[in-house]
Amino acid sequence: IVSNPPYVSTIEVASELAPEVAEYEPHLALDGGERGMEKIEQIRMALPGLLMPGGQCFLEIGAGQGQEVIELFKKKNQGYPDFQHVEILQDYGGRDRVVHGRLAVR
């Protein structure tokens, strides 16, 4: 599963985005809730029910969200297999940009 969910906080969407983003990108595609994590959290909780054992996911995240996302993916989701591998991939500028997770094989 590959996703580019909204990951910008509501405050950043309202006041801190560059004009070329704020004026042309749909609000729905940007606003990830109060901390920018709402959609990422929803996707994370759904993934074990969607992926086959050993299945993988790649989600784009905000540059400052890497540690929080790692912790989120390491949390147990009762009744589902855990992720056996979770890593943050960085962009060419060295910023956290993508979480890669692989579901455990049962």
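Let me begin with a definition: by a contact I mean heavy atoms within 4.5 Å. On that basis, and bearing in mind throughout that what we are looking at is a predicted model, residues 24 or more positions apart account for 62% of the contacts in the protein chain that have a separation of 6 or more.

Now to the overall architecture. The secondary structure of the protein chain comes to five helices and four strands, and if you follow the chain along the sequence, the elements come in the pattern β-α-α-α-α-β-α-β-β. As for dimensions, the radius of gyration is 14 Å, which agrees with the value near 13 Å that a compact globule of 106 residues would have, while along its principal axes the C-alpha trace spans about 45 × 25 × 20 Å.

Of those 106 residues, 37% count as buried, and the accessible surface of the protein chain comes to about 6,600 Å², with 53% of that area belonging to carbon and sulfur atoms. On the charged side chains, there are 10 positive and 16 negative ones, and the centres of these two sets lie 12 Å apart.

I would like to spend most of the remaining time on strand S4, which covers residues 96-103. What does S4 pair with? On one hand, strand S2, residues 56-60, runs antiparallel to S4 and is joined to it by five bridges, with Glu60 standing opposite Val98 in S4. On the other hand, strand S3, residues 83-90, is also antiparallel to S4, and here seven bridges make the connection; within this pairing, Ile88 stands opposite Val99. S3 and S4 together form a hairpin with five residues between them, and in that turn Gly94 has a positive phi of about 85°.

Is S4 enclosed or open, then? Six of its eight residues are buried, that is, under 20% relative accessible area, so S4 is largely enclosed by the rest of the structure.

For a contrast in setting, let me turn to Glu23, which lies in the loop between helix H2, residues 19-22, and helix H3, residues 27-30. Glu23 has a relative accessible area of 56% and is therefore exposed, the cut-off for that class being over 50%. Glu23 and Asp82 are 59 residues apart along the chain, and their C-alpha atoms are separated by 40 Å.

To close, the picture I would leave you with is of S4 joined by bridges to S2 and to S3, and largely enclosed by the rest of the predicted structure.

Definitions and conventions:
Residues numbered from 1 in each chain as written. Predicted model: local features only at pLDDT ≥ 70, side-chain atom pairs only at ≥ 80, totals over all residues. Heavy atoms only, no water. Buried < 20%, exposed > 50% of the residue type's maximum accessible area, 1.4 Å probe, protein only. Helix = DSSP H or I, 4+ residues; strand = E, 2+ residues; numbered from the N terminus. Pairing = 2+ DSSP bridges. Rg over C-alpha atoms; globule rule 2.2 N^0.38 Å. Areas by Shrake-Rupley, 256 points an atom, 1.4 Å probe, with all protein chains shown as cover. Lys, Arg positive; Asp, Glu negative; His and termini not counted. Charge placed at Lys NZ, Arg CZ, Asp CG, Glu CD.
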